[in-house]
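New to this one? Take a look at the sequence and the model below, and then let's walk through what surrounds the ligand.

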Amino acid sequence: MEGIKFNQIGVSFKGSGSCVPEQILTNQKISQKVDTSDEWIKSRTGISERRISSSEDNVTEMGYKAAKTAIEMANWDLKTIDLIVLATSTPHDLFGSAPSIQSKLGANNAVAFDLTAACSGFLFALITASQFLRGGSYKRAIVIGADQLSSFVDWNDRRSCILFGDGAGALAIEATSEYDNLIGFNMRTDGGRGSFLNLPSKNDQNSIIDNIDFLMGGFSSIQMNGQEVYKFAVREVPIILEKLFKETNYSSDKVDWLVLHQANQRILDSVGDRLKIPREKILSNLEKYGNTSAATIPLMMDEAIKNNRIKQNDIIATSGFGAGLSWGAALIKWG
Ligand code: COA
């Protein structure tokens, strides 16, 4: 079987890690806050509970712990890490949280920056970091997806607050001249449909001095048209994955695992059905964590790697999708 044309430097996958906060918010507990029920949430989304950050497990802390575990699995000397990309929409520091993670790790030779693409963020960051490796600029990279959407959820809005949780995941990737295990990828954006899911700024107007006003920085809460987002996901995700299979001369029956952004079990099942991928190959842990935005894909992969479900040389079709609107897909061979 042929992958995408191999051009001197490729990407290999060396390690994974993840971290979730301790606090567990069950459906039952949410129903004490808004008019909902475990039965409603479970049947519409598949979610039973989610994790909620406290001050000790913000995005920097969770991202650091996930990255540290991935580095330990890869067995890397910290000095050899060249690049850290943190996908997040909820940084602990608006100027970027990746530098704090770099410092906490002691990966002093790595350049570190944040990248924002909401629930597609991890996939976009993985592809971005991979291009640095393929281009020959860097040899070792840590890609982290970490989000703390609980800080931006309207906890009085039952249509959205049931969906989201907090967490982080990370992968360690390395350049190799022997093969390319990032078999192919695709990324898409449609800003025209951005209002279906967004987290807009909310700026109170203040004066600096007479006649000079400024807008105080701040954000409102997550705004979502659930039905439109649902329709977008079940339509676009199969299309982008089918395109990727075609471009890489793969087909869905060659896939060992489908790792989709963990938004809703009904979306996962619908995409799997359209691609004729059987349910046992569709990895899901959203029952325990809900939608952790940029974290879902590496959180899911790390769990499946540690449980020995994803094994060396397994073919993984993955797709991230969400606010932007943005979506993307990648075909990976693990190892
Ligand atoms: N508990 C109980 N009832 C609820 C509810 C809740 N948590 N949320 C909404 N409802 C009610 C609505 O008020 C509505 O009642 P009405 O008919 O009396 O007006 C009814 O349930 C149906 O609402 P609707 O919005 O049509 O539900 P739905 O079947 O579309 O399910 C979502 C809602 C959010 C679960 C679903 O649209 C979804 O998962 N969309 C994708 C969202 C997503 O994944 N976003 C992140 C992408 S990265």
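A polar backbone atom of R158 sits 2.9 Å from a nitrogen atom of the ligand. Keep in mind that this is a predicted model. Two other residues make polar contacts with the ligand as well: G226 uses a backbone N or O atom, while N264 uses a polar side-chain atom. Here are the three contacts side by side.

| Residue | Protein atom | Ligand atom | Distance |
|---|---|---|---|
| R158 | polar backbone atom | nitrogen | 2.9 Å |
| G226 | backbone N or O atom | nitrogen | 2.9 Å |
| N264 | polar side-chain atom | oxygen | 2.8 Å |

How much of the ligand does the protein bury? On its own, the ligand exposes 950 Å², and the protein buries 74% of that. As for the space that the ligand takes up, it's the largest pocket.

So who's in the crowd around the ligand? There are 23 residues surrounding it, and the closest are T36, R44, G226, Q227 and N264. By type, the shell splits into 10 nonpolar, eight polar and five charged residues.

You can also sort the shell by element. Those giving two or more residues are α2 (38–45), α6 (158–161), α7 (226–247) and β14 (315–322). The largest share comes from α7, with four residues.

Now zoom out to the domains. Why does the ligand lie between domain 1 and domain 2? Domain 1 covers 10–180, and domain 2 is made up of 183–192 + 222–333. Both of them give residues to the shell, so the ligand lies between the two.

Before you go, check out two spots in the backbone. As a rule, most residues other than glycine have a negative phi, and most peptide bonds are trans. The peptide bond from G324 to L325 is cis, with omega near -10 degrees. You'll find L325 in the loop between β14 and β15 (326–333); β14 is one of the elements that give two or more residues to the ligand's shell.

The other spot is N249, a residue other than glycine with a positive phi, near 60 degrees. Look for N249 in the loop that runs between α7 and β13 (257–260).

How values were computed. Residues are numbered from 1 along each chain as its sequence is written. This is a predicted model: local features need pLDDT of at least 70, side-chain atom pairs count only at pLDDT 80 or more; totals for chains, interfaces and linings use all residues. Side-chain values use heavy atoms; hydrogens and water are left out. A residue is near a molecule or strand if one of its heavy atoms lies within 4 Å of it. A polar contact is a pair of N or O atoms within 3.5 Å; within protein, one must be able to donate a hydrogen and the other to accept it, and residues adjacent in sequence count only if both atoms are side-chain atoms. Accessible areas come from the Shrake-Rupley method with a 1.4 Å probe; for residues, only the protein chains shown count as cover. On a 1 Å grid over the protein atoms alone, a cavity is a set of points where a 1.4 Å probe fits but cannot get out, and a pocket is an open set with protein on both sides within 12 Å along at least five of seven lines; lining residues have an atom within 4 Å of a point. A molecule sits in a cavity or pocket if more than half of its atoms lie within 2 Å of its grid points. Ala, Val, Leu, Ile, Met, Phe, Trp, Tyr, Cys and Pro count as nonpolar, Asp, Glu, Lys and Arg as charged, and the others, Gly among them, as polar. Domain bounds come from an automatic or database domain assignment.
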